[in-house]
Amino acid sequence: MSTTPAPPPKRVNRIGLEVLSYKGAKTTLCAGCGHNAISERVIEAFYELGVQPWSVAKFSGIGCSSKSPAYFLGLAHGFNGVHGRMPSIATGAMLANRTMLGIGVTGDGDTASIGLGQYMHLLRRNLPFIYIIENNGVYGLTKGQFSATADLGSKLKTGTANDLPPFDCCSLALQCGATFVARSFSGDKRQLQALLKTAIVHKGLAVIDVISPCTTFNDHEGSTKSYAYMKEHDEMLHELDFVPFFEDISVEIPEGEIKSIELHDGSTLRIKKLGHDYDPTDKFTALKALDEAERKGEVLTGVLYIDTGKPTFMDVLNMEDAPLATLPESRIRPPKEALHEAMEELS
Amino acid sequence: MSTIEASPAAQRSGEFQQPVVNDFSIQVATVNGSGSQTANSVLMRAIFQMGVPVSGKNMFPSNIQGLPTWFTIRASKHGYIGRKKEIDFLVAMNPETAREDVMKLESGAAVVYDEPLKLDALRSDLHFYPVPFDKLVGPVCPEAKLRKLVRNMIYDGVVANLLSIEMEEIHQALIKQFGKRKAKAADLNWGAAKAGYDFAEKNLAKTDPFRVERMNATAGKIIIDGNSAAALGCVFGGVTVVTWYPITPSSSLVESMMGYLKRFRIDRETGKATYAVVQAEDELSAIGMVLGAAWAGARSVTSTAGPGISLMSEFIGLAYYAEIPAVIFDVQRVGPSTGLPTRTAQGDIISTALLSHGDTRHPLFFPCSPEECFSMAVDAFDFAEHFQTPVFVMTDLDLGMNNWMADRFEYPFKPIKRGKVLTAVDLERLGGFARYKDVDGDGIGYRTLPGTNHPQAAYFTRGSGHNEKAQYTEREDDYVNNLDRVARKFETMRSFVPKPQVENNSKARIGFVCFGTSHHSVGESRDQLKNEYGVETSYFRLKAYPFTQELTDFIHRHERVYVIEQNRDAQILGLMRLELTAQDIAKLRSVRYYGGLPLDARTVTDDIVRQEGL
């Protein structure tokens, strides 16, 4: 009798899925591209929280960043639309089916140039949606032109210096009404993962601006969006610890140093101070800190702002809880009497 | 008080004049923003309530206050509701235009005018009725700031008196207009109308031949504008996501829809809306939301005009190629560019049919009446979901914004059709699917909706090259196969689009082809040609693009076919040229009008007479 060794038990998450169920197609982005690291973090975050992949819808516009949704959550519907207009497509889709979890990936061209208007109006509506900006300050697919997030004086490979000031996508998000605003660095695995998990459970618009270096066109000396620059200028506001509702909070860190923020599904975001005296529930503090950091040449990362109380777009619209998309005919076609009533008034 | 002598025209034409009953047009010339809309609607409605077929056309400027505006009411015992070019009865309230308005009239017309304008000195071949509006308004409207608005209601009374419109109908129309909630406003206006009537009764001697007499030709009919009709069509078509950006002349479509949705589509139990309406930041966003919503399974619609259509161009290419349903109303106005925003045209035909870059082609529906605005709105949703493509419902300012007499709308009893959508149960049975595969040979693939509870439901939608399985590809064969299949879908549409209205006349050697609002004037023109020139015609009204076999059959039956449209470049004829044979094309002639006013029958008749050498 021969004995076959039992295969090692497969690791699954709380809904019984392997991490493989959260992966996407093989990336076609450049080796070392920050965007790939972000895709990895997205995969981990959804896997670890046990989100059902086919209850998620992915959106993007045009550009290198917009290819990303193909590289994670292959079991989720995806929509790669037109340049800069992802917010409108996502808004429509979320209105059609509010039970879905929506995630959009854009770049700095999409968000800060051609799609600036759509970005700002998305923020204003506080749509429940995760909006990730893969921000590298440069147009990759068209081979290395400045984007509108490139810092003043930052240099292209050719040596040309940028002579216009950048848009700060986080400042815009704060001013226009997003209820979760964060900045991170594609190289900071721990922080980015905590931010993504918070965004997943947040009820409202969650913006994460991730500095994601372009190894091909913007990773040289003189660039302010390079790996080297980020390693030197990344100024972490705090240390983050995301505790999902299905796990107990461990009490390793003594009370007092920790600020805990209760999230919509019962999960907790634990924020440990790192030198900065920073209150992420105060919008004014956030705007001031961003402004000061810009002057000092620092890149502030972490949770810039969180507001868990503001009504979402669906609340404002007083929408039905069930998906509008699949309401039965009896609920979307008024009865004969209604038409009769309308006709009587017009006769 | 001065009494009026019979005008020289009446004296010249002798004491007896043949009365002209229920067959004339009234034009009211006012200043924009002076509140004349109420007075005009009441006048139109009163004639309608007397059973006389009536139509109203508002010719207004792109302005809130101060520029001239004209409202034309046509009463027609024959049921003609197209615009009548000749004005028979003028109400001249606007000092700016009064002179020109009077000089343009045909001999024998009547003029009610504000006395200080002294218009009677201008011509001796018209019937003049001076009315001291300012003197009359004071006693009936003590509140000085309301006088400007109430003043207009005085002419309703004067006109009612002169044209024998029953005052009780004016009263009823006023009550209808203001509703029960604004009874006080209705009373104030009623007082003004009575003052006008009494003044005319005592001081004006009727010399013109025009008169309204009670008929029974409007029983069971309604008065409605095309935009409201389309709005109702969407509500009863099961719309769930509505997006828009305000633009004349389409804004009132969604505004009206919001009113009906609030009334008919809030769930009684939960108090929640079974729809979402979003005023977008621009037309780009409006169409983007429509596509996102439709992709996720909503019945979604947006409404716009030419400039909005131009902006939507890129997204429409995406919808065509990624195969996403959408219903888009284009309430056409005069272009190019800003053009004449408050004037009507059929000028977006070619640009919309072929909207966006690359090889694209889109179905267009052409409603001609409020009834069709309603029914085509209902049908457009089913059509868009069946073919998974944008459908444009091409109305125009004349249809959308003017009030039309119409039959009551028929309730859509046919069940709503959602097209080829696979559910989780289907996926379990099939073990997967290929989004862009032509399974049924009609060019239409099967889709799944995001959120479908099945691990095999997902596919990736993209505007870049894709194969049957919706995977990214740049392969030549994949691209060609896919684009050919989408073209096949367009061919399939030919047997699904609304069928044309065809009236073949065995005595006719020539045929007329038109679409949309031209219908009303073309019908009248056919009568003019028959009555005045003895020329018989056949008739073909297109209700949709792509064209159907019926069009070719119609051309074959006739020696010459006149294609009548409201644009400069013969756009619908241009689309015909793309697919008809050279022989058929050689039979086509073009009649075009593009001055911005609704097409009138005389313009058509005159052009046919010229081209036919009659």
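Analyst: Let's start with a rule: two strands pair if DSSP finds at least two bridges between them. We'll try it out on this model, which is predicted.

User: What makes strand 2 of chain A and strand 20 of chain B a pair?

Analyst: The rule asks for at least two bridges, and these strands have three, so they pair. They run in the parallel sense, and strand 20 of chain B covers residues 460-462.

User: Which residue in strand 20 of chain B is the bridge partner of G78(A)?

Analyst: That's F460(B).

User: How many residues of each chain are in contact?

Analyst: 48 residues of chain A touch 54 residues of chain B. Helix 3 of chain A gives the largest share of chain A's side, eight residues. By class, that side has 26 nonpolar, 16 polar and six charged residues.

User: Over to helix 9 of chain A. How do you know that its span is close to what's expected?

Analyst: Helix 9 has 14 residues, and at 1.5 Å a residue you'd expect 20 Å. From its first C-alpha to its last, the helix reaches 20 Å, so it fits.

User: Why do the buried residues of helix 9 of chain A line one face?

Analyst: The buried residues include A286(A), A289(A) and L290(A). Looking down the axis, the buried residues fall within an arc of 100 degrees, so they sit on one face. In general, residues three or four places apart on an α-helix point the same way, because there are 3.6 residues a turn.

User: What do those buried residues of helix 9 pack against?

Analyst: Helix 6, strand 7 and strand 13 of chain A. The face turned away carries exposed residues, among them K288(A) and E292(A).

How values were computed. Residues are numbered from 1 along each chain as its sequence is written. Chains are lettered from A and ligands numbered from 1 in the order in which they are written. This is a predicted model: local features need pLDDT of at least 70, side-chain atom pairs count only at pLDDT 80 or more; totals for chains, interfaces and linings use all residues. Two residues are in contact if their C-beta atoms, placed from the backbone, lie within 7 Å. Helices (H or I, at least four residues) and strands (E, at least two) are DSSP runs, numbered from the N terminus. Ala, Val, Leu, Ile, Met, Phe, Trp, Tyr, Cys and Pro count as nonpolar, Asp, Glu, Lys and Arg as charged, and the others, Gly among them, as polar. A residue is buried if 20 or more other C-beta atoms lie within 10 Å of its own, exposed if 12 or fewer, and partly exposed in between; C-beta atoms are placed from the backbone. The arc is that of the directions from the helix axis to the C-beta atoms.
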